[in-house]
Amino acid sequence: HPEEKRLPESPRRNLLVTIHALWSDIASPHWDTPVGVGFVLPIIVLAMKRCLERIFATEYEMVFLPEALDRERQVLSAQLVDHINITCRNVLDPECRFARFALLDGTQEAIRLWHTLHTLFESHGFG
């Protein structure tokens, strides 16, 4: 957005402080357990992202109605999801600890899938 349409610096800072305080209240009971960090907190972050997306889809339903999703609106919808993901990561999870369900990564099936994915990425030059 152009600078003149953005939230001024002071209210933006206050909003971030409030968000961090609320996140701390929600997350703190789960910090000290493997299930909390590896499963509960990723679920909470995912649920918050999904809620944000639904809020936009509900408030701006003319943009997000299935019959209104022409190519341009599909791109806007995808950009919104990307922006929500990036903002949530930057504000709530800058170390990307909750981007995946780490608790589930230790199963044999998960290890096999990660190996397959890694091999696929390497074969396309992303290793």
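**Pocket lining**

I looked up which helices line the largest pocket of this predicted model. H1, H2, helix H3 (61–64) and H4 each contribute at least two residues to that lining. I then asked which helix gives the most to the lining. The answer is H4, with 10 residues. The lining counts 26 residues, and those nearest the pocket centre are Leu52, Phe56, His83, Ile84 and Thr87. For the space in the largest pocket I noted about 1,200 Å³.

**Aromatic pairs**

I next searched for ring contacts and found three aromatic pairs in the structure. Trp31 and Phe98 make a tilted pair, with 5.7 Å centre to centre and 45° between the planes. I checked where the two residues sit: Trp31 is in the loop between helix H1 (9–27) and helix H2 (34–59), and Phe98 is in the loop between helix H4 (71–92) and helix H5 (108–123), so the pair ties together parts that are 67 residues apart in sequence.

Are the two partners buried or exposed? I recorded Trp31 as partly exposed, at a relative accessible area of 31%. Phe98 counts as buried, with 3% relative accessibility.

I also entered the pair of Phe56 and Tyr60, which is stacked: the distance is 6.1 Å centre to centre, with 25° between the planes. The planes count as stacked because their angle is under 30 degrees. Phe56 is partly exposed, its relative accessible area being 34%, and Tyr60 is likewise partly exposed, at 48% relative accessibility. I note that Phe56 is also one of the residues nearest the centre of the largest pocket.

Finally for the rings, I followed the ring pairs that link Trp23, Trp31 and Phe98 into a cluster.

**Backbone at Cys96**

I looked for unusual backbone angles with one expectation in mind: most residues other than glycine have a negative phi. Cys96 is not a glycine, yet I read a positive phi of about 55° there. I placed Cys96 in the loop between H4 and H5, and Phe98 lies in that loop as well. The relative accessible area of Cys96 is 40%, and I therefore list Cys96 as partly exposed.

**Nonpolar surface patch**

Which residues make the nonpolar surface patch of about 310 Å²? I listed Leu7, Leu15, Leu16 and Ile19. Of these I looked up Leu7 in particular, which is placed in the segment before H1. Leu7 is partly exposed, with a relative accessible area of 42%.

Key:
Residues numbered from 1 in each chain as written. Predicted model: local features only at pLDDT ≥ 70, side-chain atom pairs only at ≥ 80, totals over all residues. Heavy atoms only, no water. Phe/Tyr/Trp six-rings, centres within 6.5 Å; stacked < 30°, edge-to-face > 60°. Helix = DSSP H or I, 4+ residues; strand = E, 2+ residues; numbered from the N terminus. Buried < 20%, exposed > 50% of the residue type's maximum accessible area, 1.4 Å probe, protein only. Patch = residues over 30% accessible without salt bridge, like charges linked within 9 Å, V, L, I, M, F, W, Y side chains within 5 Å. Areas by Shrake-Rupley, 256 points an atom, 1.4 Å probe, with all protein chains shown as cover. Salt bridge = Lys/Arg side-chain N within 4 Å of Asp/Glu carboxyl O. 1 Å grid on protein atoms, 1.4 Å probe; cavity = no way out; pocket = protein on both sides within 12 Å on 5 of 7 lines; lining within 4 Å. Points joined across faces, edges and corners; volume = space filled by probe spheres on them.
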